[in-house]
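Here is a short note for someone new to reading protein models. Please keep the sequence and the structure open while going through the points.

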Amino acid sequence: MRTLKIATLALAVSAAFSSSVLAQEAATTEKKDASLEQITVTAQKRTQSIQEVPISISTLSGEQFESLFSGGGDILELATRVPGLYAESSNGRVAPRFYIRGLGNTDFDLAASQPVAIMMDGVVKENVILKSFPLFDVSQVEVLRGPQGTLFGRNTTAGIVKFDSNKPTQDFEAFTEVSVGNLGTFNAEAAISGGLTDELSGRFSVLSQNRDNWIDNGFTGESDALGEYEELAWRGQLLWEPTSFDMTALLSIHGRDLDGTSTIFRGNALTTGSNEFNQNYNRDKVYYDGGAGNRQKYTNEGLSLTLDFFLSGGMTLTSITSYEQAEGSSRGDIDGGAIVPQGTAVPDGITSVDYLADTDFDGVGDTPVTSFPGFIPLGSDTTDLLDDLQQVTQEIRLASSDKGDFTWQTGIFLFESEFDVTTNPGFTIATVTHESSLWAVFGQAEYKFNDETTLVAGIRYTDDEKKLFDTNGTASVPFDPITVDDQRISGDLSLNHKLNSEVSVYARYAHGFRGPSIQGRDAAFGSAPSVAESEVMDSFEIGFKADLLDDTLRFNGAVYYYSIDDMQFTAIGGTDNLTQLINADRGTGKGFEFDVKWLATDNILLTAGYSFNDTEIDDPNLLVAPCGSGQCTVTDELVDGFAAVDGNPFPQAPEQTFVFTARYSIPMGDSGEFFAFTDWAWQGETNIFLYDAVEFQTDGQFEGGLRLGYENFDHEYTVALFGRNITDEENLRGAIDFNNLTAIDNQPRVFGIEFRKSFY
């Protein structure tokens, strides 16, 4: 892996020296206009101004996006950085779980289905490992809120997070960026782009993120035993623009190699009756008797080919073909502590419990042991392995010219996926095979009644099928092959009206669904797989978009309500330590969100975003198993030991989020500026599980970032000091409830210095 770091630096140095003369000759100084930039999006698979699209959309790009990752963070850095968007994980730097307007899935299994789709360069990343592909050389991020089933298909009932990479250019351009920080943090990113012939251009981008071990294992006495990662990702693109044919072809190939520590589980870091970290919590130390360092290793390679044929009448025929493969494994000391024979010395400053352990599983405690930190009834050391994931997608789309009052597009979409998931909790090993196939046809039309009013309507038919197999008969409870399928129609209807040249209002109705799901993880825990029927959603939204004060103030907002029949949830952990899919009769959500961007002066840029989201489970008969060992304080009604969750909010659905950024610059002549940039995100009340418990609720958590630096316009370089989580907040992000009060926390404070150089 050290060789990979050197290779990354070599690319950066090569880009720098090969173009230094060109950069000096081409450097120009441009004075920024005193107005906000116009943002274009492809939310409707056409390039449009964000202010003209009747969908609630937020975007991230440039400094506002790149600063989030200056400390080496992964895709989870996007959590709460856009109103209504949240993300979390219990699988380290892979398998993120996204939520939009409260909708998501807390299922941590490697085969989990999610209602938030991740799109990268026009390709859906269905599996949770694919969703975690590192972000680098990104042009723009678009967050589309609400169902997007017409153009993007199943599993988009919550919305879409869409990433677009920078594309090859005929003109030469390159950049290199290197940062060094505390905890042994080292990051390098570089890209080089330019014409190879008059018709062929290419771009190659690379990212290397690294951190040293920084967490001690107090059980083994090993210093700096956990916390490291080495992440390498790359992307190569070729763009062919022939002069003899009315077409373009874009080939993109990418890869990833991750080796590092998975999630750190903090054993009994919470005390019964409180959601605050207790004396057992030490960010820099754990007490693991298992997990082998909580190691995770994953690789992912893929490619896509996008063909655009420009036909007569201004029509465009587009084909997007993609292939992805991935594999890897994660291991963890899930209980987050140690169990030793009684009489063994316990580290100072943490709690311990003596008890009789049931080591022969006959229901009777017979072996004197001591657990720490706190009471750990059962040691838990689990490995999950993803093997031979293969995903193939094909989309063919025909679109009319953008000119005229009536425009349309129609297409077909095909999807195939297959992979094995092996779960090893230490007492058995079970492997299940997942297969998924889908085909769909769709169409959307837009009609302009006049210059002020536009109607958009779309419809999609989807045939969705999933299968689960007991691979080699390894399930602890044997089962026959399981097949679920469904055929559904999705659609949307929206009306956009310009009140004047500055303000528009819109209304949107959308009908979508999330296909049926199968969960096979319980095959390793003495239970049969579970199945959830399709959930069906109706969403209503009214919004406005405004560019005010001579285009120096942008203010967009929306109010929404949605209702979901047969809503899919995952009941995780609890007294039975199972991961079971369930359908609630109904779930509802209502709220509002807004985005504000204000160029207060030529040198001060402010942004802010806020969301309020009120979700509710509506099912008087829905019962789930609460925490194991009776260590948490359940506030729901208990029925035969099960928690009645009717009326509860959705899990991991923040009721409120608030994000704020500010940039202040001080010009230094015509050639550069000093700048300060800060970003802050705040998260309101959030329930971690389906049931309510005092210990598993959070409220008022926040994190902030800071960059102080100098940018030179003539020589195209930037040097800056950076800090992430600058106040070193210790926030509860997740928990494990089946065994003890195990907590998952946020990332520590990271600070350092970075240097970026661009060449043109």
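The numbered points below go through a few places in the chain, one at a time.

1. Before anything else, note that this is a predicted model. Every value below is computed from that model and should be read in that light.

2. Start with charge on the surface. A patch of negative charge there brings together Glu301, Glu327, Asp387, Asp388 and Glu418. When you look for the patch, find these five names in the sequence and then in the structure.

3. One member of the patch, Asp387, can be placed further. Asp387 belongs to strand β23, which covers residues 381-399. Is Asp387 buried, partly exposed or exposed? Its relative accessible area is 33%, so Asp387 is partly exposed, given that this class lies between 20% and 50%.

4. The loop between β22 (367-372) and β23 holds Pro373. The peptide bond that runs from Phe372 to Pro373 is cis, and its omega is near -5°. To check this, look at the bond between Phe372 and Pro373 itself, where β22 ends at residue 372 and the loop follows.

5. Next comes a residue with a positive phi. Asp566 is not a glycine, yet its phi is near 55°. Asp566 sits within strand β32, residues 553-573. With 30% relative accessibility, Asp566 counts as partly exposed.

6. Gln652 also has a positive phi, about 55°, and is not a glycine. Where is Gln652 found? Gln652 is in the loop that links β37 (642-644) and β38 (656-668). Because the relative accessible area of Gln652 is 3%, this residue is buried, the limit for buried being under 20%.

7. Gln652 has a neighbour worth noting. Which backbone oxygen lies 3.3 Å from a polar atom of the Gln652 side chain? That oxygen belongs to Arg733. The pair therefore falls under the 3.5 Å limit for a polar contact.

8. The last residue is Asn613, which lies in strand β34 (residues 604-618). Asn613 counts as buried, because its relative accessibility is 5%. The side chain of Asn613 is joined to the side chain of Tyr560 by a polar contact of 2.7 Å.

Notes: Residues numbered from 1 in each chain as written. Predicted model: local features only at pLDDT ≥ 70, side-chain atom pairs only at ≥ 80, totals over all residues. Heavy atoms only, no water. Patch = residues over 30% accessible without salt bridge, like charges linked within 9 Å, V, L, I, M, F, W, Y side chains within 5 Å. Areas by Shrake-Rupley, 256 points an atom, 1.4 Å probe, with all protein chains shown as cover. Salt bridge = Lys/Arg side-chain N within 4 Å of Asp/Glu carboxyl O. Lys, Arg positive; Asp, Glu negative; His and termini not counted. Charge placed at Lys NZ, Arg CZ, Asp CG, Glu CD. Helix = DSSP H or I, 4+ residues; strand = E, 2+ residues; numbered from the N terminus. Buried < 20%, exposed > 50% of the residue type's maximum accessible area, 1.4 Å probe, protein only. Polar contact = N/O pair within 3.5 Å; in protein donor to acceptor, adjacent residues only side chain to side chain.
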